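Below is a short set of questions and answers on one protein chain. Each answer works towards the value or name asked for.

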Amino acid sequence: MLTTFKADVKKLPGGLQVEANTRGFKILLDEPADLGGTDKGMNPVEAVLCALGACQTICAAAFAKKCGVDLEDFHVEVEGDLDPDGFLDLADVRNGFQEIRFTMHFKTKSGQEAAEKLADYIESHCPVGDCLENGVKLVRAGVVVE
């Protein structure tokens, strides 16, 4: 059964700041000054990296016991390569990430093999990772002039 998740994102006054809302939670996003913003928040592509790392971390916590790992602590380092000249319309290059890399850090006495098994499980069950790796059909549902 499909579950629909929703978000509402609106432009704030001044600069490139936007406020994203879902289920009563808010995130302020912006761009750094060198990309035309006021640097009041992470930019959307940084939020994508954070979403991937957060999803992997949640999966680690949720599935460690199932995979036989006594997980004491976990974090993920995430980085991606993007050429901002595409976004800025300065060059004919891809607008999005060309590659995203992540390193999972496990604190466990369960050993390397168990951590690798959990890492594989995380990668196969992380919804954000699936979206990034396999793509998602984007559908413009409408254009409303108010």
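Q: Is Lys109 buried or exposed in this predicted model?
A: The relative accessible area of Lys109 is 73%. A residue counts as exposed over 50%, so Lys109 is exposed.

Q: Which residue meets Lys109 in a salt bridge?
A: Lys109 is in the loop between β5 (99-108) and α3 (112-125). Its partner is in strand β4 (residues 71-81), 37 residues apart from Lys109 in the sequence. The N to O distance of the pair is 3.3 Å, and the partner is Glu72.

Q: Does Glu72 count as buried, partly exposed or exposed?
A: The relative accessibility of Glu72 is 38%. Buried means under 20% and exposed means over 50%, so Glu72 falls in between and counts as partly exposed.

Q: Which strands does the salt bridge of Glu79 with Arg101 tie together?
A: The closest N and O atoms of Glu79 and Arg101 are 3.0 Å apart. The two residues are 22 apart in sequence, so the pair ties together separate parts of the chain. Glu79 is partly exposed at 45% relative accessibility, and Arg101 is partly exposed at 28%. The strands are β4 and β5.

Q: Which residues are joined with Arg101 into one network of salt bridges?
A: Arg101 meets Glu99 in a salt bridge with an N to O distance of 2.7 Å. Glu99 is partly exposed, with a relative accessible area of 42%. Salt bridges that share partners join Arg101 to Glu79, Asp81 and Glu99.

Q: How many salt bridges does the structure hold, and how many of them does the rule find across the interface of domain 1 and domain 2?
A: Side chains of opposite charge can pair when their charged atoms come close. The structure holds 6 salt bridges. Across the interface of domain 1 and domain 2, the rule finds 0.

Q: Which three residues supply 78% of the area that domain 1 buries against domain 2?
A: The domain assignment gives domain 1 (1-41) and domain 2 (44-133). Between them they bury about 390 Å², 75% of it on carbon and sulfur atoms. The three residues of domain 1 that supply 78% of its share are Leu29, Glu31 and Leu35.

Q: How many residues of domain 1 are in contact with domain 2, and how do they divide by type?
A: On the other side of the interface, 5 residues of domain 2 take part in the contact. The rule finds 0 residue pairs in polar contact across the interface. Domain 1 contributes 4 residues, which divide into 2 nonpolar, no polar and 2 charged.

Q: Where does Arg23 lie, and what is its phi?
A: Arg23 lies in the loop between β2 (18-22) and β3 (25-29). At 70% relative accessibility, Arg23 counts as exposed. Its phi is positive, in a residue other than glycine, and is near 50 degrees.

Q: What is the phi of Asp39?
A: Asp39 is placed in the loop between β3 and α1 (44-63). At 53% relative accessibility, Asp39 counts as exposed. Asp39 is a residue other than glycine with a positive phi, near 55 degrees.

Q: Which pattern does the protein chain follow along the sequence?
A: The secondary structure comes to 4 helices and 5 strands. Of the 146 residues of the chain, 25% count as buried. Read along the sequence, the pattern is β-β-β-α-β-α-β-α-α.

How values were computed. Residues numbered from 1 in each chain as written. Predicted model: local features only at pLDDT ≥ 70, side-chain atom pairs only at ≥ 80, totals over all residues. Heavy atoms only, no water. Domains from an automatic or database assignment. Contact = heavy atoms within 4.5 Å. Buried area = accessible area lost by both parts, 1.4 Å probe. Salt bridge = Lys/Arg side-chain N within 4 Å of Asp/Glu carboxyl O. Polar contact = N/O pair within 3.5 Å; in protein donor to acceptor, adjacent residues only side chain to side chain. Nonpolar A, V, L, I, M, F, W, Y, C, P; charged D, E, K, R; others polar. Buried < 20%, exposed > 50% of the residue type's maximum accessible area, 1.4 Å probe, protein only.
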